[in-house]
Amino acid sequence: LEHANVTVSDPKATAAWLSDVFGWRIRWEGPGMQTGHTVHIGTDDSYVALFSYGDAKPSATDRYRTIGMLNHLAVFTEEDIDTVEGRVRGAGFTPINHNDYAPGRRFYFHDGDGIEWEVASHQA
């Protein structure tokens, strides 16, 4: 996957915490295709495009029961997952659903826009 594009309330604020939590860098920032503002943040290989017209509204839709909705974004870390979890907490988010899975560990959290993120690691 080269990138995902998601609508957020504030692309710059979301990019700031993504940089703090995952060590990602801003690859590009500027006007959206039609209007609005976009920030591309990630690694050399992939990124998340954060977009906003500036007037986006949260959805009350149950995304797991609605066809075509984004359920969550997963980020794989080679770093110690407990360290990443500490940065997630430091960004003001609450980690949930901790689980072991083959071949490692994972947890989830919801950001300020209600987007669900998964952090996964191959650490035991």
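1. Phe109 is a nice place to start: its relative accessible area is 0%, so this residue is buried (under 20% relative accessible area, 1.4 Å probe, protein chains only). Phe93 is buried too, with a relative accessible area of 12%.

2. A word on the basis: this is a predicted model, where local features need pLDDT of at least 70 and side-chain atom pairs count only at pLDDT 80 or more, while totals for chains, interfaces and linings use all residues. Residues are numbered from 1 along each chain, and side-chain values use heavy atoms, without hydrogens and water.

3. Seven aromatic pairs turn up in the whole structure (ring centres within 6.5 Å, using the six-membered ring of Trp; planes under 30 degrees apart are stacked, over 60 edge-to-face, the rest tilted). Phe22 and Trp117 make a tilted pair, at 6.4 Å centre to centre and 40° between the planes. Phe22 sits in helix 1 and Trp117 in strand 8, so their pair ties together parts 95 residues apart in sequence (helices are DSSP runs of H or I, at least four residues; strands are runs of E, at least two; both numbered from the N terminus). Both residues, Phe22 and Trp117, are buried.

4. Phe93 and Phe109 are stacked, because their ring centres lie 5.5 Å apart with the planes at 20°. Phe93 belongs to the loop between helix 2 and strand 6, and Phe109 to strand 7, so this pair links parts 16 residues apart in sequence.

5. Which residues form one aromatic cluster? Trp17, Phe22, Trp24, Phe93, Phe109 and Trp117 do.

Technical notes:
Buried means under 20% relative accessible area, exposed over 50%, partly exposed in between (1.4 Å probe, protein chains only).
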